[in-house]
Amino acid sequence: MLVASAASMVLLGTAAAATTAAAPDKKGVAASVHTAGRVQDGGDVLRYSWPGVYFEGRIRGTGVGIVLDDPAADYDVQVDGTTVATLVTPGRTTHWVDGLGKGVHTVRLVKRNDTPWSTSAFGGFVAAPGGAVLARPVARSRQIEFVGDSLTAGYGNLSASRDCTGEQVARTTNADVGYAALTARRLRADHQINAYSGRGMVRNYNGGSPEENYRTFYDRALLNEPGDVWQNPGTWRPGLVVVHLGTNDFSTPINPGEPWTDESLAAAYRSAYSGFLQKLRTRYGPGTTLLAVGAGPFAGHVEQVVRERADAGDRRVRSWRLDDTGLDLMGCHWHYSARDHRLLADRLTSFLADLPIRW
């Protein structure tokens, strides 16, 4: 995997160049691109924070410009299904992909990593001279929302080593080749990856930042803006929500000074988990399937919460005990590798095939 400085841009494949920012000639960016991610619509710009947010468009002509303002995140640019460039912390720019064949092309921009301290901004696609931006692609009929932490964000999944600096983690994280995005593509579904590294349901990794947890941020579109609330445009109605939270709650011993015992942490986790599932049920209604993922020391707690909800009449809640057989955990800091993500996507897709999901 490529490792680059925070100010650099890595270009792969099709001829490309970075230029100063240009204003797309269109009536609002949202009118010409398809996205399922949590974005804040600013008219001539879409703002966002979560990993894996993607934008899809159609252009006619021999080149396309991608208008960005992002000093923190990395992106892949895909044209007609092939990755033609990786943009590393591109900053304020219009990145051009030239040399395309004449005709109509699909273009996809995807945010690779999680940068919750920063707000990203996308200003749309621009056609090269003589070309045109066409009507946006049609949304997929299926929708899946993934809720999780670094394992779901694809933390360091392209690394060749478990030992990584912060810079290497950033450059080798790619949510778009993680199990969430892979599963969604196999099911031909639009998806959100609402994942925040290091956060737990009630306790963060090693007890850090005890005043907040994953649930503090779940409702937001812009993670670094306290009080922000994502406004669902009415088009996000997932048939499936997959929740994979608990690794950070239980993976490290309780430190002196933390307000937990093993028993009280487990009880608080189960209570918060049940409340979070109820929040999802209230938000998305009785037709959405809620899948709670359990693994390691928290699998039993997840299964207990799901069992209690099912006994209380929730007919579309399930648990899935993650099978970690054969995982090499070769990603940064013992996270899933890209190979692991493919295995998990295989297993999750197979499990979902037997669920009566209302797509």
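This passage describes two sheets, a buried helix and a cavity in a predicted model.

The antiparallel sheet comes first. Five strands make up this open sheet, and their order is β7-β6-β9-β4-β11. The pairing is antiparallel. Strands β7 (82-88) and β11 (132-133) stand at the edges. Each has a single partner strand, so one side of each is left without a neighbour in the sheet. At the β11 edge, the partner is β4, which spans residues 54-60. Two bridges link β4 and β11 in the antiparallel sense. Arg60 has Ala132 of β11 as its bridge partner.

The other sheet is parallel. It is also open and has five strands, in the order β13-β12-β14-β15-β16. Here β13 and β16 (317-321) are the edge strands, and each pairs on one side only. From one strand to the next, the twist averages 20 degrees. Strand β15 covers residues 289-294 and runs parallel to β16. Five bridges join β15 to β16. Within β16, Arg318 stands opposite Leu291.

Helices lie across this parallel sheet. Helix α7, formed by residues 299-311, lies across β15 and β16. Its direction is at about 160 degrees to β16. Helix α8 lies across β12, β14, β15 and β16. The angle between α8 and β16 is about 145 degrees.

Helix α3 (residues 179-186) is mostly covered. Of its eight residues, six are buried. These are Tyr179, Ala180, Ala181, Leu182, Thr183 and Ala184. The cover over the buried residues includes strands β12 (142-148), β13 and β14 (240-244). Helices α1 (150-153) and α8 (338-352) are also among the covering elements. Thus α8 both lies across strands of the parallel sheet and helps to cover α3. After α3 comes Arg188, with a positive phi near 55 degrees.

The count of cavities of 30 Å³ or more comes to one. The largest cavity has a volume of about 40 Å³. Its lining includes Gly37 and Arg38, as well as Trp50, Pro51, Gly52, Val53 and Tyr54. His191, Gln192, Ile193 and Asn194 also line the cavity. Strand β13, residues 189-195, gives the most to this lining, with four residues. By class, the lining divides into five nonpolar residues, five polar and one charged. Strand β13 therefore appears in three settings: it is an edge strand of the parallel sheet, it is part of the cover of α3, and it contributes to the cavity lining.

Definitions and conventions. Residues numbered from 1 in each chain as written. Predicted model: local features only at pLDDT ≥ 70, side-chain atom pairs only at ≥ 80, totals over all residues. Heavy atoms only, no water. Pairing = 2+ DSSP bridges. 1 Å grid on protein atoms, 1.4 Å probe; cavity = no way out; pocket = protein on both sides within 12 Å on 5 of 7 lines; lining within 4 Å. Points joined across faces, edges and corners; volume = space filled by probe spheres on them. Nonpolar A, V, L, I, M, F, W, Y, C, P; charged D, E, K, R; others polar. Buried < 20%, exposed > 50% of the residue type's maximum accessible area, 1.4 Å probe, protein only. Contact = heavy atoms within 4.5 Å. Axes fitted to C-alpha atoms, helices over the stretch in contact; angles between N-to-C directions.
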